[in-house]
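Hi,

Here is the structure I promised to pass on. Have a look at it first, and then read on for my notes.

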Amino acid sequence: MGIHLKHVSYTYQAGTPFEGRALFDINLEIKDGSYTAFIGHTGSGKSTIMQLLNGLHVPTQGQVEVDDIVITAKSKNKDIKPVRQKVGLVFQFPESQLFDETVLKDVAFGPQNFGVSKEEAERLAREKLALVGISEDLFDKNPFELSGGQMRRVAIAGILAMEPKVLVLDEPTAGLDPKGRKELMTLFKNLHQQGMTIVLVTHLMDDVADYADYVYVLEAGRIVCSGEPKTVFQGVDFLESKQLGVPKITKFAQRLVARGLQLESLPITIEEFTQEVSHG
């Protein structure tokens with residue numbers, strides 16, 4: 001069934017002198033099994049949408065539908081709780097969510113909070129820690145003794161231990177070195193290939209081109225463009241007018257076309273570029 005936002009608007013601190021409108025009449029769909037990316041400037045509304053998907057915010061107007069659960073401005077916390085199990089939200093620096101005295105206890109906390117037995121929660125924790133590449137010798141360590149990259153993996157394992165259907169990633173590789181970034185993106189790709197729905201907020205256009213099958217472009221709380229990455233990234237001038245980039249190879253190809261190279265369309269990955277040039 002997927003996720004639908006229907007005529008969703010959101011206002012922070014509504015009814016106070018500090019109120020600020022973050023989203024305006026948003027309509028969008030995130031299909032089951034898709035890998036959907038959101039791009040846009042800081043303040044464009046990306047993180048607000050992510051928190052609506054998970055029920056951390058409720059819409060000021062309109063409704064958010066997650067499978068058969070409908071969230072509106074009047075929804076109560078007990079009605080929203082099941083959404084938080086279906087939709088796992090990885091914040092920009094998820095390691096700041098760690099709190100327990102050992103890695104294993106921290107990861108097992110979430111499932112127990114949803115009524116899973118201690119034994120089953122620990123089994124899930126071990127399974128998900130192995131999945132994210134945390135070795136067993138670290139399970140009894142204090143999470144704050146780990147490296148930054150390891151802490152992030154533990155935090156992600158904690159979200160995966162809830163067995164969500166949808167994983168929402170808000171700039172998940174921020175602050176990581178290139179190796180750590182690639183390892184995490186590969187992990188998310190593998191989860192997607194196993195059937196998990198992935199939602200990615202990023203400012204890295206190459207990641208959108210390499211992994212996503214649909215992209216929404218946000219500006220000042222509105223969707224200004226959406227479609228498959230291949231289609232959206234043809235609009236180089238439009239995206240640059242919004243101070244957004246395109247994949248590096250797309251910009252390079254555009255320069256070559258300006259110098260006379262014949263291409264059917266601008267490639268968005270190096271593999272596409274190689275194919276187009278060799279067939280040209």
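Let me start with one pair: the bridge partner of I3 in strand 4 is V66. Keep in mind throughout that this is a predicted model.

That pair belongs to the contact between strand 1 (residues 3–12) and strand 4 (residues 61–66), which run antiparallel to each other and share five bridges. Zooming out, the two are part of an open sheet of four strands, antiparallel in its pairing, with the order 2-1-4-5. The edges are taken by strand 2 (20–30) and strand 5 (69–71); each has a single partner strand, so one side of each has no neighbour in the sheet. On average, neighbouring strands here are turned by 25° against each other, ignoring direction.

What packs on this sheet? Helix 2 (residues 77–86) does, touching strand 4 and strand 5. The direction of helix 2 makes about 110° with that of strand 5.

Between strand 4 and strand 5 there is a loop, and D67 sits in it. I'd look at this residue with some care: D67 is not a glycine, yet its phi is positive, about 55°. D67 is also buried, because its relative accessible area is 13% and the cut-off for buried is under 20%. A220 is another non-glycine with a positive phi, in this case about 50°. You'll find A220 in the loop that links strand 9 (214–219) to strand 10 (222–227).

D67 turns up again when you look for enclosed space. How many cavities of 30 Å³ or more does the structure hold? It holds one. The largest cavity has a volume of about 50 Å³, and its lining brings back the pair I began with: I3 and V66 are both in it, together with G2, I30, D32, D67, K86, K165, V166 and T197. By type, that lining splits into four nonpolar, two polar and four charged residues.

On to the open space. The largest pocket has a volume of about 550 Å³. Its lining counts 24 residues, and those nearest the centre are Q97, G110, G158, I159 and M162. Helix 2 comes back here too: along with strand 6 (87–90), helix 3 (103–113) and helix 5 (148–160), it is one of the elements that give two or more residues to the pocket lining. Which of them gives the largest share? That is helix 3, with five residues. In character, the pocket lining is made up of 14 nonpolar, seven polar and three charged residues.

Two other helices are worth a stop. Helix 1 (residues 46–53) is largely enclosed by the rest of the structure, because seven of its eight residues are buried. The buried ones are K46, T48, I49, M50, Q51, L52 and L53, so a lysine is on that list as well. After helix 1 comes G55, which has a positive phi near 80°.

Helix 4 (residues 118–131) is where E127 lies. Is E127 buried or partly exposed? With a relative accessible area of 36%, E127 is partly exposed. If you want a sense of distance, try E127 and G43: they are 84 residues apart along the chain, and their C-alpha atoms are separated by 37 Å.

That's what I have for now. Tell me what you make of it.

Cheers

Definitions and conventions:
Residues are numbered from 1 along each chain as its sequence is written. This is a predicted model: local features need pLDDT of at least 70, side-chain atom pairs count only at pLDDT 80 or more; totals for chains, interfaces and linings use all residues. Side-chain values use heavy atoms; hydrogens and water are left out. Two strands pair if DSSP finds at least two bridges between them. Axes are lines fitted to C-alpha atoms, for helices over the stretch in contact, and angles run from 0 to 180 degrees between N-to-C directions. Contact means heavy atoms within 4.5 Å. On a 1 Å grid over the protein atoms alone, a cavity is a set of points where a 1.4 Å probe fits but cannot get out, and a pocket is an open set with protein on both sides within 12 Å along at least five of seven lines; lining residues have an atom within 4 Å of a point. Grid points are joined across faces, edges and corners, and a volume is the space filled by probe spheres set on the points. Ala, Val, Leu, Ile, Met, Phe, Trp, Tyr, Cys and Pro count as nonpolar, Asp, Glu, Lys and Arg as charged, and the others, Gly among them, as polar. Buried means under 20% relative accessible area, exposed over 50%, partly exposed in between (1.4 Å probe, protein chains only).
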